[in-house]
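Student: I've just opened this structure and I'm new to it. Could you walk me through it with a few questions and answers?

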Amino acid sequence: MQSFTFTITDPEGFHARPAGMFVKEVKKYPCKVTIRKDNRVADASKMFELMGLGIKGGETVTIAAEGEQEAEAAAALQEFLKANL
């Protein structure tokens, strides 16, 4: 399993547009990707679960990828978050 933490820098947080783009990026990889905020975990390939976390600007989340191409997925998702959030 590959994981990393990321602090959301967008003041609007993880709102609908970047969340939709993030889900599309997640679906490019065959591994399971989860996102954790505090003690809640969501399947990162499901928009409603992701939005249900209510991630706001300044909050830190943990992204974990497990399975086939997990290292590639984790690296790509980290770059996506740096560029978009």
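Student: Okay, let's start with charges. How many salt bridges does a search of the whole structure find?

Tutor: Keep in mind that this is a predicted model. A pair counts when a side-chain nitrogen of Lys or Arg comes within 4 Å of a carboxyl oxygen of Asp or Glu. Searching the whole structure that way, the number of salt bridges is three.

Student: Which side chain meets Lys-28 in a salt bridge?

Tutor: Lys-28 itself is exposed, at a relative accessible area of 55%. Its partner is in helix 1, residues 16-26, and is buried, at 16%. The N to O distance is 3.0 Å, and the partner is Glu-25.

Student: Why does Glu-25 count as buried?

Tutor: Buried means under 20% relative accessible area. Glu-25 falls under that cut-off, so it counts as buried, and its value is 16%.

Student: And what does Glu-25 touch, leaving out residues up to four places away in sequence?

Tutor: Glu-25 sits in helix 1, so look for partners beyond its sequence neighbours. Those contacts are Ala-76, Leu-77 and Phe-80.Student: How do the buried residues of helix 1 sit when seen down its axis?

Tutor: The buried residues here are Pro-18, Ala-19, Phe-22, Val-23, Glu-25 and Val-26. What covers them includes strand 2, helix 2 (47-52), strand 4 and helix 3. Seen down the axis they fall within an arc of 160°, so they line one face of the helix.

Student: Which exposed residues does the face turned away from that buried side carry?

Tutor: Turn helix 1 around and look at the face away from its buried side. The exposed residues there are Arg-17 and Lys-24.

Student: Let's move to the sheet. What is the order of its four strands?

Tutor: It's an open sheet, and the pairing is antiparallel. Strand 1 (2-7) and strand 3 (40-43) each have a single partner strand, so one side of each is left without a neighbour in the sheet. On average, neighbouring strands are turned by 25° against each other, direction ignored. The order is 1-4-2-3.

Student: In strand 3, what is the bridge partner of Arg-36?

Tutor: Strand 2 (residues 32-37) and strand 3 run antiparallel, joined by four bridges. For Arg-36, the partner in strand 3 is Val-41.

Student: Which helix packs on the sheet?

Tutor: The helix in question touches strand 1, strand 2 and strand 4 (60-66). Its direction makes about 5° with that of strand 1. Covering residues 70-84, this is helix 3.

Student: Is Ala-42, over in strand 3, buried or exposed?

Tutor: Leaving out residues up to four places away in sequence, Ala-42 touches Val-33, Thr-34, Ile-35, Glu-49, Leu-50 and Leu-53. Its relative accessible area is 3%, so Ala-42 is buried.

Student: How far apart in space are Ala-42 and Gly-52?

Tutor: In sequence, these two are 10 residues apart. In space, C-alpha to C-alpha, the distance is 8.2 Å.

Student: Now the core. Which element gives the most residues to the largest nonpolar core?

Tutor: In soluble globular proteins, nonpolar side chains tend to be buried together. Here the largest nonpolar core has 27 residues, and Phe-14, Phe-22, Val-33, Ile-35, Ile-63 and Leu-81 touch the most other members. Strand 1, helix 1, strand 2, strand 4 and helix 3 each give two or more residues. With six residues, the one that gives the most is helix 3.

Student: What is Ile-63 in contact with, leaving aside neighbours within four places in sequence?

Tutor: Ile-63 is among the core residues that touch the most other members. Its contacts are Gln-2, Ser-3, Phe-4, Phe-22, Val-33, Thr-34, Ile-35, Leu-77 and Leu-81.

Student: Back to salt bridges. How many residues apart in sequence are the parts that Glu-59 and Lys-37 tie together?

Tutor: The closest N and O atoms of this salt bridge are 3.5 Å apart. Glu-59 is partly exposed at 24%, while Lys-37 is buried at 12%. Glu-59 lies in the loop between helix 2 and strand 4 and Lys-37 in strand 2, so the parts tied together are apart in sequence by 22 residues.

Student: Last one: in which helix do both Lys-82 and Glu-79 lie?

Tutor: These two form a salt bridge, with the closest N and O atoms 3.8 Å apart. Lys-82 counts as exposed at 52%, and Glu-79 as partly exposed at 48%. They are three residues apart, about one turn, and both lie in helix 3.

Note on methods:
Residues numbered from 1 in each chain as written. Predicted model: local features only at pLDDT ≥ 70, side-chain atom pairs only at ≥ 80, totals over all residues. Heavy atoms only, no water. Buried < 20%, exposed > 50% of the residue type's maximum accessible area, 1.4 Å probe, protein only. Pairing = 2+ DSSP bridges. Axes fitted to C-alpha atoms, helices over the stretch in contact; angles between N-to-C directions. Contact = heavy atoms within 4.5 Å. Core = buried A, V, L, I, M, F, W, Y, C linked by side-chain atoms within 4.5 Å. Arc of directions from axis to C-beta.
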